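Dear colleague,

Please find below the structure that I am handing over to you. My findings follow directly after it.

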Amino acid sequence: MNAIPKIITIVIAYLLGAVPFGLLFTRIFSGIDVRSVGSGNIGATNVLRAAGKKAAIFTLLADALKGLLPVLAVRALFQDDSVTVLTGAAAILGHNFPVYLRFKGGKGVATSFGVVLAVSPWIGLASLLTWLAAAAWRYSSLSALIAYALYPVLTFLFRPDSRPLGLLSLFVSGMIYYRHRDNIKRLFAGTESKIGEKK
């Protein structure tokens with residue numbers, strides 16, 4: 001098949017991933033710019049601080065769907081693991097480095113989960129359960145770091161047949177850790193904010 005349709009779908013995935021739902025929902029529910037509150041991040045955790053639970057839930061779901069839906073569509077359309085993986089990576093990069101916000105975006109936790117759920121549903125579910133269990137400590141960043149450390153391990157254990165999925169798991173995990181590098185420093189310093197805590 002011609003490569004152009006595949007390239008177009010990957011670009012569309014990036015543009016969809018770049019839609020800043022956290023910014024939009026915070027403005028709808030509170031009338032403020034989420035980037036001026038707390039960490040300045042457009043993700044659901046900071047939206048919770050800025051605009052409350054309803055805005056945070058909408059943001060979480062929308063961010064996850066913009067990773068899930070493009071990948072499911074491309075997987076059904078092309079049935080090619082390599083294109084599926086590139087589409088998922090593009091959606092994550094869109095969220096983390098959105099063209100609409102001068103490439104200053106979120107950390108990709110929810111969008112990455114949407115991608116993982118689309119490519120490996122059972123591994124995605126295991127990652128979600130790990131996140132929920134780790135959330136008992138009330139550190140959103142720590143929950144994400146633990147869940148996405150487990151993701152590549154599960155992928156290489158249960159999907160050793162797919163090199164693209166293995167590479168995606170390393171990319172996703174690496175991107176999560178890169179985007180949380182400041183959180184990691186604060187966790188070690190004991191200054192990281194807990195879920196729902198005002199900065």
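The buried residues of helix 2 are covered by elements that include helix 3 and helix 4. In this predicted model, helix 2 runs over residues 21–30, and its buried residues are G22, L23, F25 and T26. Directly after helix 2 comes G31, which has a positive phi near 75°.

The loop between helix 2 and helix 3 contains S36. This residue has a relative accessible area of 59%, and because the threshold for exposed is over 50%, S36 counts as exposed. Although S36 and A50 are 14 residues apart along the chain, their C-alpha atoms are separated by 8.8 Å.

Helix 1 was examined for its length and for its packing. Its 15 residues, 3–17, should span 21 Å at 1.5 Å a residue, and the C-alpha atoms at its ends are indeed 21 Å apart, so expectation and model agree. Which residues of helix 1 are buried? They are K6, T9, A13, Y14 and G17. These residues cover an arc of only 145° around the axis, and they therefore lie on the same side of helix 1. Their packing partners are helix 4 (53–78) and helix 5 (81–96). On the face turned away from the buried side, helix 1 carries I4 and I7, both exposed.

Helix 5 also holds N96. With a relative accessible area of 0%, N96 is buried, because buried means under 20%. Apart from neighbours within four places in sequence, N96 is in contact with F103, K104, G105, G106, K107, G108, M175 and R179.

One of these contacts, F103, belongs to the loop between helix 5 and helix 6, as does R102. Both deserve a look at their backbone. Most residues other than glycine have a negative phi. R102, which is not a glycine, nevertheless has a positive phi of about 55°. F103 is likewise not a glycine, and its phi is positive at about 65°. As for accessibility, R102 counts as exposed at 74%, whereas F103 counts as partly exposed at 49%.

I now turn to the pockets. The largest pocket encloses about 880 Å³ of space. Its lining consists of 38 residues, and those nearest its centre are A44, T45, L60, W131 and S140. Which helices each supply at least two residues of this lining? They are helix 3 (44–51), helix 4, helix 6 (109–119), helix 7 (121–134), helix 8 (140–158) and helix 10 (181–189). Helix 4 gives the largest share, with 7 residues. By residue class, the lining of the largest pocket divides into 17 nonpolar, 14 polar and 7 charged residues. Helix 4 thus appears in several places in this account: it packs against the buried residues of helix 1, is among the elements covering those of helix 2, and supplies the largest share of the lining of the largest pocket.

The second largest pocket has a volume of about 230 Å³. The residues that line it are S39, G40, N41, K104, G105, K107, R179, R181, D182, N183 and R186. Of these, helix 10 provides the largest share, 4 residues. What is the division of this lining into nonpolar, polar and charged residues? There are no nonpolar residues in it, while 5 are polar and 6 are charged. K104, G105, K107 and R179 are found in this lining, and these residues are also among the contacts of N96.

Finally, helix 8, one of the helices that supply the lining of the largest pocket, is the place of T155. T155 counts as buried, at 1% relative accessibility. Not counting residues up to four places away in sequence, T155 touches I123, P160, L165, G166 and S169. Between the C-alpha atoms of T155 and K194, which are 39 residues apart along the chain, the separation is 29 Å.

With kind regards

Terms used:
Residues numbered from 1 in each chain as written. Predicted model: local features only at pLDDT ≥ 70, side-chain atom pairs only at ≥ 80, totals over all residues. Heavy atoms only, no water. Expected span 1.5 Å × (residues − 1). Buried < 20%, exposed > 50% of the residue type's maximum accessible area, 1.4 Å probe, protein only. Arc of directions from axis to C-beta. Contact = heavy atoms within 4.5 Å. 1 Å grid on protein atoms, 1.4 Å probe; cavity = no way out; pocket = protein on both sides within 12 Å on 5 of 7 lines; lining within 4 Å. Points joined across faces, edges and corners; volume = space filled by probe spheres on them. Nonpolar A, V, L, I, M, F, W, Y, C, P; charged D, E, K, R; others polar.
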